[in-house]
Amino acid sequence: MTVESIPVPAAPKSLVWQGDELVSAAGGRGLGRGGVEREEALAESYYFDAGTTSASGRYSALYHERGIEGVLLERGRVVRELHRFDELAGDYDYPLALGALSDGREVVVHCPDEYNALQIEDAASGERLTVGEREPQDVFHSRLSLSPDGRYLLSVAWLWHPFGVAMVYDTARALTDPGTLDGDGLVPTADAANGEVTAGCWLDADRLVLATGTEAGGADESELPPGRLGVWSMSEGRWLHRNPLAHAEPGVLLLPRGDQVVSFRGHPRLIDTATGRLVAEWPEVVFPVKDTCFSAEDIPSPVAALHPDGTRLAVAQTDSIALITLP
């Protein structure tokens, strides 16, 4: 396991692998070994502090993580502005996901009208695909992600205590009945309510990983109590694994790597999802500790990208990118 340092003039606010090249969508530049930069078409007149890119690489979005404004790009060209509902926007992370639905349509998922009303829009045209009657519950959606096949949508959200929860929705059903985006979703989060969900990701099109911090609340007994890593099967409708995370709280970001995940709280850790066991960690690669998607203190989210082949992990540092070779 090696850690290489790639110097950069400023910390990138987003990272994505395009082949063997790292690209910072928020900075509009390619990042090569030795700190070589390649300017993209996007002018650096957009002072956003976070970004994300669709799995296809066609669309990217830049936004203020604790603000209300963003912009959607198609291969570096500005498509349109994005906005989110402004209630308490300065206290939690911008809810935004880019990806493709099961039919191949590239979409934007966000909360443009209300903090608790998820909307799915066609990325190319901006057409809203979830038009209909809505009765959203009182939940602040945040940290959205689509499953690899676009069938499901995960929201690592929070309720007013505040307390972190996770909700999963069927996007195909939402296109015909948008009201299905307003309920508790498909995963029984009530069973996990005794552990505060702080992070989640998709291992594949079927398996979802949820991690809970040390905060407890709700029922005295639950299927996913504090300090656990759980793997849920959408097809089987049950937990495949539920194990303690004894080494550390999970933080807000998980990146999938086969049957493992990389967690980011203070430094990267590689974790086996079937056992919760710590496989490896890199304490020399440090970044601010962020435990939840909400807080009065604006702590930036970790910025990292795992190479598609799972061999290399790039992590943004203050003046460099740490490039980790994984075991």
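Colleague: How many helices and strands are there in the protein?
Modeller: This is a predicted model. Strands and helices were both counted along the protein. The count gives one helix and 26 strands.

Colleague: How compact is the protein, judged by its radius of gyration?
Modeller: The globule rule gives 20 Å for 327 residues. The protein comes close to that value, so it is as compact as a globular protein of that length. Along the principal axes, its C-alpha atoms fill a box of roughly 50 × 45 × 35 Å. The radius of gyration itself is 19 Å.

Colleague: What share of the residues of the protein count as buried?
Modeller: A residue is buried when its relative accessible area is under 20%. That test was applied to the 327 residues of the protein. The buried share is 55%.

Colleague: Among contacts between residues at least 6 apart in sequence, what share join residues at least 24 apart?
Modeller: Start with the contacts in the protein whose residues are at least 6 apart in sequence. Then keep those that join residues at least 24 apart. Their share is 49%.

Colleague: What is the order of the strands in the open sheet of four?
Modeller: The pairing in this sheet is antiparallel. S6 (50-53) and S9 (77-83) each have a single partner strand, so they stand at the edges. Neighbouring strands are turned by 20 degrees against each other on average, direction ignored. The order is S6-S7-S8-S9.

Colleague: Which residue in S9 stands opposite Leu72?
Modeller: Strands of a sheet pair through backbone hydrogen bonds, either parallel or antiparallel. S8, residues 69-74, pairs with S9 in the antiparallel sense over six bridges. Opposite Leu72 in S9 stands Arg80.

Colleague: Which residue in the turn of the S2 and S3 hairpin has a positive phi?
Modeller: S2 (residues 16-18) and S3 (residues 21-24) are antiparallel partners over three bridges. In this pair, Trp17 stands opposite Leu22. Two residues lie between the strands, and one of them has a phi of about 70 degrees. That residue is Gly19.

Colleague: Is Glu121 buried or exposed?
Modeller: Glu121 sits in strand S12, residues 119-122. Its relative accessible area is 8%, and the limit for buried is under 20%. Glu121 is therefore buried.

Colleague: Which side chain makes a polar contact of 3.1 Å with the side chain of Glu121?
Modeller: Leaving aside neighbours within four places in sequence, Glu121 is in contact with several residues, including Arg80, His110 and Arg128. The side chain of Arg128 makes a polar contact with Glu121 at 3.4 Å. The partner at 3.1 Å is His110.

Colleague: Which side chain does the side chain of Arg66 join in a polar contact?
Modeller: Arg66 is found in the loop between S7 (59-63) and S8. Arg66 is buried, with a relative accessible area of 10%. Not counting residues up to four places away in sequence, it touches Tyr92, Asp93 and Cys293, among others. The polar contact, at 3.0 Å, is with Asp93.

Colleague: How many disulfides does the structure hold?
Modeller: A disulfide needs two cysteine sulfur atoms within 2.5 Å. The sulfur of Cys111 is 12 Å from its closest cysteine sulfur, in Cys293, so this pair is too far for a bond. For Cys201 the closest is also in Cys293, at 15 Å, again too far. The number of disulfides is zero.

Colleague: Which proline is joined to His161 by a cis peptide bond?
Modeller: Most residues other than glycine have a negative phi, and most peptide bonds are trans. Here omega is about 5 degrees, in a cis bond. The proline lies in the loop between S14 (152-159) and S15 (163-170). It is Pro162.

Colleague: What is the phi of Leu88?
Modeller: Leu88 has its place in the loop between S9 and S10 (96-100). Its relative accessible area is 31%, so Leu88 is partly exposed. Leu88 is not a glycine, yet its phi is positive. The value is about 55 degrees.

Key. Residues are numbered from 1 along each chain as its sequence is written. This is a predicted model: local features need pLDDT of at least 70, side-chain atom pairs count only at pLDDT 80 or more; totals for chains, interfaces and linings use all residues. Side-chain values use heavy atoms; hydrogens and water are left out. Two strands pair if DSSP finds at least two bridges between them. Axes are lines fitted to C-alpha atoms, for helices over the stretch in contact, and angles run from 0 to 180 degrees between N-to-C directions. Buried means under 20% relative accessible area, exposed over 50%, partly exposed in between (1.4 Å probe, protein chains only). A polar contact is a pair of N or O atoms within 3.5 Å; within protein, one must be able to donate a hydrogen and the other to accept it, and residues adjacent in sequence count only if both atoms are side-chain atoms. Contact means heavy atoms within 4.5 Å. The radius of gyration is taken over C-alpha atoms; the globule rule is 2.2 Å times the number of residues to the power 0.38.
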